[in-house]
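Reader: I would like to go through this model by question and answer. Please show me the chain.

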Amino acid sequence: MAIVSLRDIQINFTGTMLLDGISLQVEPGERVCLLGRNGEGKSTLLSIIEGITKPDKGTIDYAKGSRVAMLPQEVPHNLDGLIYDIAAQGLGDTGKHLSDYHQASRELAEFSGTDYTKIVAQLERAQQALEDTGGWPYHQAIETVLSHLKLDANESFASLSGGTKRRALLARALVSKPDLLILDEPTNHLDIESITWLEDFLIRQNTALLFVTHDRAFLQRLATRIVELDRGKLFNWECDYKTYLERKDADLEAESKQNHNFDRKLAEEETWIRRGIKARRTRNMGRVRDLRKMRDERKARRERTGSAKMVILEAERTGKLVVEADSLSFNYDNTTIVNNFSTSIMRGDKVGLIGPNGVGKTTLLKLLLGEIQPQDGSVRHGVNLQISYFDQMREQLDENKSVRDNVAEGNDFIDFGGARKHVIGYLKDFLFTPDRAKVPASVLSGGERNRLLLARLFTKPSNVLVMDEPTNDLDVETLDLLEEILMEYPGTLLLVSHDRAFLNNVVTSTIAFEGNGTVAEYVGGYDDWLRQHPGKHNTSAKACGSKSAEEIPTGSTKKKLSYKEKFELEKKQVEFEAMPAIIEMLEADLETLQTRMADADYFKKSGKDMADDQLQLEKTENELKTAYSTWEELETALKGIELD
């Protein structure tokens with residue numbers, strides 16, 4: 001029997017049918033992902049299922065005795081107490097007994113007064129209540145969940161940041177062990193370690209899930225079914241995410257052709273009626289009625305919201321070197337953030353920064369950009385840097401100003417690449433309607449706020465983009481577009497993100513925080529880091545029953561290199577050190593060829609010369625590709641090996 005069944009649900013907001021007669025069932029053990037564009041009504045539908053919002057029409061049935069828990073996208077304003085208390089709230093009376101026990105335990109541990117007997121009595125009453133209700137297992141569940149979500153049970157909920165509050169609310173939803181768990185953007189503000197733990201936890205629980213997410217890796221791993229909310233209707237897809245994308249594209253193409261044929265037929269009929277044919281004749285009345293029906297059908301058609309049309313304005317190119325850090329170290333409050341880190345970031349590099357929340361990724365960005373000074377080491381910048389910064393905390397938005405004023409600062413036009421563009425037209429490219437452009441930034445949803453910050457950011461030319469968590473709350477289609485323009489961006493990108501698919505698709509190298517101030521750089525994206533990171537192999541070995549590298553005495557594993565092995569390694573070392581100069585020479589040759597072939601008078605050359613240039617271009621591109629591959633292979637072969 002289905003845990004929840006929705007039939008013919010309708011809800012109308014400001015004259016628009018947000019949910020237009022939708023039906024949905026969620027069965028035990030299913031993990032259903034709800035997809036849809038920002039503003040389609042996903043959060044409203046989840047709120048209806050939770051019982052918070054009442055539909056205008058339709059019925060909702062729940063299986064007898066079933067329990068539903070939800071992680072909302074927005075943090076409620078009326079919550080107070082410690083994080084432990086918030087997590088326990090999802091357990092009803094048992095949660096109240098757990099909070100009493102936790103409070104009495106804390107008071108007893110910190111006891112310094114005269115009411116010792118009173119505190120012990122409170123503790124004993126809470127213990128007895130938990131014995132009577134069978135609540136003890138939930139105490140362990142709360143502590144486990146809080147630990148994995150990196151939450152301090154004794155910290156005040158009111159003092160937390162917005163992201164940490166959402167983690168506490170996620171803990172509240174998880175510990176209640178509901179029959180149906182509803183999650184609205186559960187990965188927002190979680191680091192990669194917490195996201196992967198959450199994935200494993202949810203799969204092990206075998207709890208029915210209904211979730212909204214922009215994290216495609218999370219979606220791909222968890223979803224057993226996809227439902228899509230599109231223009232008020234709900235569509236079911238019994239497939240994985242990759243197959244969904246293929247089938248969705250085919251359906252949209254078929255819909256476009258059908259609409260085109262319909263519109264052409266309607267235009268023909270409108271032309272016919274305007275020719276003055278005596279439509280009152282009996283033989284023409286049926287055709288007139290059909291035309292009226294076609295007009296009504298065309299009027300009722302809901303056009304799909306267009307795709308965003310983001311464009312990054314390019315500034316004049318930087319020099320080949322953008323940032324060079326040498327032996328960088330920085331401590332904060334006796335904690336080592338970065339220890340002896342060196343890197344060279346060149347023009348066109350797209351660098352991802354990964355690591356747990358609070359480890360110091362934003363601090364490293366500020367060190368590299370020169371906003372704060374290192375305590376040891378040095379940072380050198382290239383020439384002509386024009387930096388644009390996307391801030392995850394949205395500090396660049398004025399909450400009291402309208403959407404348009406946040407972009408145009410009170411003007412009707414913006415200067416966009418040397419041309420004047422009306423701000424309303426510009427905001428339409430970021431999916432803001434004229435009415436929505438007039439509202440204050442404070443009322444925007446998370447996805448709209450991110451799109452507004454991108455709109456503001458992209459009005460200014462740049463050759464270095466710094467983006468700190470740009471993907472939160474964006475719908476999947478906008479996320480795909482952002483990926484495309486960042487991949488094509490000719491400047492340099494520094495990206496902090498916990499979105500594994502986004503990192504894999506965009507970045508060319510990864511700077512990873514690996515604990516105790518150790519920061520290391522790897523070629524490729526997140527999956528490439530997983531393959532190269534030695535700790536991952538140790539974990540796998542340990543899971544299979546083998547000893548990890550840390551458990552084997554180092555004295556017994558160190559192998560002395562033979563003369564031949566040492567000679568081969570020295571050859572590789574020399575070759576490795578020569579590769580950057582070879583790559584730079586090939587890049588220069590390639591740039592010279594491309595410049596010559598892009599000249600306006602190039603077509604005047606003979607066919608033989610142009611054919612020779614094309615062959616040379618292909619040869620140079622292949623040589624450059626091989627050089628990069630060789631460089632990476634040599635780096636991997638030499639990593640962790642020291643020559644005596």
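Author: Short questions and answers follow.
This is a predicted model, where local features need pLDDT of at least 70, side-chain atom pairs count only at pLDDT 80 or more, and totals for chains, interfaces and linings use all residues. Residues are numbered from 1 along each chain as its sequence is written, and side-chain values use heavy atoms, with hydrogens and water left out.

Reader: Which helix gives the most to the largest nonpolar core?
Author: A nonpolar core is a set of buried Ala, Val, Leu, Ile, Met, Phe, Trp, Tyr and Cys residues joined through side-chain atoms within 4.5 Å. Buried means under 20% relative accessible area, exposed over 50%, partly exposed in between (1.4 Å probe, protein chains only). The largest such core has 52 residues, with Ile142 and Leu146 among those with the most contacts inside it. Seven of its residues come from the top contributor, helix H6 (residues 162-175).

Reader: Is Cys33 buried or exposed?
Author: The cut-off for buried is under 20%. Cys33 has 0% relative accessibility, so Cys33 counts as buried.

Reader: How many disulfides are there?
Author: A disulfide is taken as a pair of cysteine sulfur atoms within 2.5 Å. By this rule, the count is zero.

Reader: Which strands stand at the edges of the six-strand open sheet?
Author: Strands (E, at least two residues) and helices (H or I, at least four) are DSSP runs, numbered from the N terminus. Two strands pair if DSSP finds at least two bridges between them. The order is E14-E17-E18-E12-E19-E20, with mixed pairing. Each edge strand has a single partner strand, so one side is left without a neighbour in the sheet: these are E14 (387-390) and E20 (519-523).
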